[in-house]
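Please open the structure in a viewer in which residues can be selected by chain and number. The tour below proceeds by selection, and each stop states what is to be found there.

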Amino acid sequence: MDATQSMTAKLSDRQYRANKSRNKTTIIAIILVTVMFTTVFTIGLSLMDTKAQLGAVTTDMSSMFLFISGIILILISGYLIIHNIFQISVTQDIQFYGLLKTLGAKNTQIGSILMRQAARLCLVGIPIGLGIGYGIGALLLPVLLAANSAIAVLSVNPAIFIGAAIFALVTVLISCAKPARMAGKVSPIAALRYIDGEMDDKRKTKRSKRATSISRMAKENLGRNKKRTVTMVASLALGLMLLNSFYVMQNSYDAEAYLKSYCASDIAFSDKSVTVDLLDYSNTNNTVTPELMEQIAAVPGTQTGVAYYTEAQADPGDTAINNIENFYNDEESGPGSWLSSIEAARTSYNKLMQTGRVTAGVYGLDDIAAKTGNVYMGKYDAEKFATGKYAFGLGIADNGADSIFYEIGDKIEIEGKMYEIMGMMELPTSVQGSLETEATALGEKYAIPTAAFLEQFPNTPIMRGFANVEGEENKRAAEQIVLSHMEQDGNLTMQTRDTYASQFREQVAAQVILGYALGVIMALIGVLNFVNTMLTAIIARKREFAMMESVGMTKPQLKQMLVFEGIDYAVITLVISLLLSLFVGLTVIQDSVSMSWVANFQFSLLPLGILAPVLIVLAVFIPLKCFGQTQQRSLVERLRETG
Amino acid sequence: MSILQAKEVKKHYGEDENLVKALDGVSITIMPGEFVSIVGASGSGKSTLLHMLGGLDNPTSGSVEIGGQDISQLSDDKLTVFRRRQIGFVFQNYNLVPILNVFENIVLPVELDGKKVERDYIDRIISLLGLESKLNSLPSNLSGGQQQRVAIARALATKPSILLADEPTGNLDSHTSMDVLNLLQMTNRQFSQTVVMITHNDEIANLADRKLHMADGRIMQPLEAKYCGRQNMRMGAWA
C-alpha cells in the first residue's frame, strides 16, 4: 500500500473511531434499510418457490409491479435518511476537510475518507440487516400465504442475501456520493471561517420592522437549511403515508359482503366434494344423512335448511337460447374463445343449437336456502315458489347484461316438467358450492323447491345442510353434533360463519401485512432521521445558543424556541402526510380496492390521527432532551468553543 | 528573481451599496529567504491577502505568482498539489487534526502527497522544535505553544519554499510568542525558508526583515508607514 492510501485509510479509520454515536445512528439506518430489502427479497423469492411447488412458474405483472415499487420506495426512504446523515456529518466535519484541503489533500482523497467510512459502516450494518430481514420475512410468509392452500416454502436462495446486500450497498453509495463530492469540493477558506454553517438561505436581506417573537424565530430556523428540512419531512411522511394507505386498504375490505356471498348461515355442512376445488360433486355418497338433520333440528333455537343438487336435461326456452347464441357469438367480449378452447362447452353448445336441450344443474332449495339467494331479477314469492310451478334461474349478480338469461314468465322444461321463470338469483358459495362440472359447461342452472325436486328426482341425497342457531351455547351444541358425525364419516365437512370470517381476516391480512411492515420500518427511519437532524442541529448551534444567552435569552426561552421548531416540523410532516395519504388513497388504493368485489372503498385517516399526537410528543421531547445534553458546561466555555 | 509576487490583487465582496473592498489593488514582491511581516488593524485585509498569496482563495482581479507560476491559472486539484509542495501554513488556532497524534500531524502533508517520509529531515525539524517527547500525544493534550510548534513542524515537513503564518502568536502569551517567533526565525535561517507572517503585534512584527503596513485593503507606502527595519533588510526587494 502506498503512503497516500495508507494516510486516507488512517484518517478514515481515526475519524470512524472518533464518532461512535454518529456511527451507531448510521448503522441503525443501514440495518433498517437492509431489513426492508431482505424482507421483500425473502418474501418475493419464497412466493416464487411456493408457486413453483404448485406447478405454476409464471410471475404475474401486478406482483412484479408491486415488487418493483416496493424496492423503489425502500431506495427512496433509505436515500432520504442515509444521505441526510452523511450530509450532516460532512457539515459537522467541514473544518476538518477544509484543513486537509489546506494541507494539500485532493478532492478524491477527501472523498475516499468518507467512502471508506461508509463501506465500513455497511460491513457492520448489512449482515445484521440481512439476518433480521430474513427472520421477518420468515415470520410474515405464513401470514401472507394463510389464505392459500399452498404450504409456505421459505426460500434459501442465496440471491435473497446477495440481492438485498447489493441493493443496500447501492443505496448507501448513492446516498453518500454527493456528500463525498461536497466534502472534496470544500473551499479551504470557507472551511477555515465556517461557523455553525447551518444556512443555505440565499436571501441577502430580510425585510422586517416588527420585533421578533420566539415562535417567529423558530420558523426562521426551520428555513435555515431547507434541504435538510425537506428530506427529514419526506422520510417521515413516506412511512406515515404507507401506514395510512394500507390501513385504508384493510378497512375497505368488507367482511359482511364476503360473508353474505360465501356463508349464508351460521353453520353449513356437506360432502367434501362440494367445497374442494376441482373435484366433481359425487351425489352417490350419502354424506348428509336425514339423522344428522334431525339431530341438529332438535337443538333449541335452531332453524335448518337443505339443498339438493343433480344434473338433468332441460329445455331453457327460446329467450335463453337466443341469449346464449348472442353471448357466445359476441366477438368483442370474447366468450367465443371459451367455446373453442373447452371441448365440453363446444359439445354442449352444439347440442343446444341442434336439439334445443342442454344439461343443466338443478338445485332443490327449501325456503331457508332460497332466502339466502341474492335475487337480482324478479321477486322471491315463497308461497308461489312452494307450489312447485316456478323456478329461478341462477347466475352471477353483478355481470350486468350478461347476468340476464331469461325474462320473467319464460317457460322452461326440466326432464319433462314445465316451470315458469320467477326471476334470477345468485346463491352464496356456502349453498351453491363450487359446482363447475364439464356437463354443465354452459352454466345453465335452476333452483326449484325441495318438494318438486324430490318428486322428480327421488332418492337424491342431501347435498348441503344449513342451520341458523340462536345463542352461543346452542351453536356450540349444533357444531358438536356435526363434528361427531365428521368423526364417523371422513367425507363430511363443515363451515361456520366464524371460520369464514377468520378466513377472510387472514386473506385481508395477507394483502396488507407486508405494507404495514414496510410502513412501520419507514416510519422508524423517519423518526431516526428526526432525532438525528434535531440532535445535530442543536449541537451545531451550541455556540449560537450561548451567544443568545449572553445577550439575554433565558434557557426557558431557548427551550421554548426549540419546542416550537419541533412542533413546526411535526405539523409540516403531518400536513404533507395528509396530502400524500389523500392522494395515494384516492388514486392507487381506491383503484386496487375497486377491483375487488368484497371491498367497499372507505377512506380513513385513523392511523394519521393516532400517530399525530405521538409525533407531537416526540417533537417536543426530542429537542428538549437534545438541548439538555448540550447545556452541561458554562456559558463562557460554550462561547469559546470553535467547532 | 522573486519567489512570491502579487500584482494589483483585488478582492471584492458583495455588490452595489454592500460592496466591500477587502483588497483594493495590492502589489508586493517577496524575495527568496526573506522574512516579511504584515501588520494592520483588524479588517485591514491582511488575512485576505495571506489567503490569496497561499492560493486558498481566488482574487477578483490581479494575479499571484509563486516561483514564476501564475496560480490563478491552475485547476482546483493542480492548485492543491502545488500548494502542498510549495506552501506551508501556520494558523492562529493551530488547526491540528485532532484525531492524529503529533507525529502523524507533522507528516500528514507528506503522506497526502504520496511521498515517502524522509526520517532524517523530519527528525531534524522535530528536535529543532523540541517535540521529541510529544510524538505520540494527541493535540488536545498539548499546550497552545506546543500545538503551534507542531503546526510549524507540519508546515515545514514538505520543505515548502514559502511559509505563510496567520497570527501565529495570536493565542499565545508573550513569553511563548517570543519562543515561537525565534523558531520561525531559526527555520528561516536554517532552511532558507521564505516566511510571510501576519500579526497585529508591532514588537513581533519588528523582528522581521521587512514590515508591511496594511490599511483599508492597501499596502501603505514605506515612507508613510512607521519604518522599523533591521540592518540586514534587503532594499532591492521592493525596488
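Are B:D57 and B:K11 buried or exposed? Select both residues: B:D57 is buried, and B:K11 is buried as well. The model is a predicted one, and every value quoted on this tour is to be read accordingly.

**Stop 1: a salt bridge within chain B**

Keep B:D57 and B:K11 selected and display their side chains. They meet in a salt bridge, with an N to O distance of 3.7 Å. B:D57 lies in the loop between helix 1 (46-53) and strand 4 (61-66) of chain B, whereas B:K11 belongs to strand 1 (residues 4-13), so the pair ties together parts that are 46 residues apart in sequence.

**Stop 2: helix 3 of chain B**

Next, select residues 102-112 of chain B, which form helix 3. This helix is mostly covered, with eleven of its eleven residues buried. Among them are B:V102, B:F103, B:I106 and B:L108, together with the charged residues B:E104 and B:E111.

Extend the selection to both ends of the helix. At the N-terminal end, B:N101 acts as a cap: one of its side-chain oxygens lies 3.2 Å from the backbone nitrogen of B:F103. After the helix comes B:G114, which has a positive phi, near 75 degrees.

**Stop 3: the interface of chain B and chain A**

Now display both chains. In this interface, 28 residues of chain B are in contact with 25 residues of chain A. The buried area is about 2500 Å², and carbon and sulfur atoms give 62% of it. On the side of chain B, the residues that lose the most area to chain A are B:I99, B:E111 and B:L112, which together account for 26% of what that side buries. Two of these, B:E111 and B:L112, were met at the previous stop as buried residues of helix 3.

Which residue of chain A forms a salt bridge with B:D76? Select A:K101: the closest N and O atoms of this pair are 3.3 Å apart. The count between the two chains is three salt bridges. There are also eight residue pairs in polar contact across the interface, both residues being at pLDDT 80 or more.

Colour chain B by secondary structure. Helix 2 (76-86) and helix 3 (102-112) are the elements that give two or more residues to the side touching chain A. Helix 2 gives the most, with six residues. By class, this side of chain B has twelve nonpolar, five polar and eleven charged residues.

**Stop 4: helix 20 of chain A**

Move to chain A and select residues 472-488, which form helix 20. Centre the view on A:R476. Its side chain meets that of A:E472 in a salt bridge of 2.9 Å, N to O. The two residues are four apart in the helix, about one turn. A:R476 also forms a salt bridge with A:E479, with the closest N and O atoms 3.2 Å apart. A:E479 and A:R476 are three residues apart, again about one turn of the helix. An α-helix has 3.6 residues a turn, so residues three or four places apart point the same way.

Colouring by accessibility separates the three residues. A:R476 counts as partly exposed because its relative accessibility is 38%, and A:E472 is partly exposed at 48%. A:E479, at 13%, counts as buried. Add A:K475 and A:D498 to the selection to show the network of salt bridges that links A:E472, A:K475, A:R476, A:E479 and A:D498. Over all chains, the count comes to 26 salt bridges.

**Stop 5: a buried glutamate without a salt bridge**

Select A:E444, in the loop between helix 18 (429-432) and strand 8 (445-449) of chain A. A:E444 is buried yet has no salt bridge, and the nearest side chain of opposite charge, A:K445, is 9.9 Å away. What joins the side chains of A:E444 and A:Y406? A polar contact of 2.6 Å is found there. Beyond its neighbours within four places in sequence, A:E444 is in contact with residues including A:P316, A:I324, A:V358 and A:F405.

**Stop 6: an exposed loop residue**

Finally, return to chain B and select B:S192, in the loop between helix 6 (174-190) and strand 8 (194-199). B:S192 counts as exposed, at 52% relative accessibility. Leaving aside neighbours within four places in sequence, B:S192 is in contact with B:G33 and B:T187.

Methods: Residues numbered from 1 in each chain as written. Chains lettered and ligands numbered in written order. Predicted model: local features only at pLDDT ≥ 70, side-chain atom pairs only at ≥ 80, totals over all residues. Heavy atoms only, no water. Contact = heavy atoms within 4.5 Å. Buried area = accessible area lost by both parts, 1.4 Å probe. Salt bridge = Lys/Arg side-chain N within 4 Å of Asp/Glu carboxyl O. Polar contact = N/O pair within 3.5 Å; in protein donor to acceptor, adjacent residues only side chain to side chain. Buried < 20%, exposed > 50% of the residue type's maximum accessible area, 1.4 Å probe, protein only. Lys, Arg positive; Asp, Glu negative; His and termini not counted.
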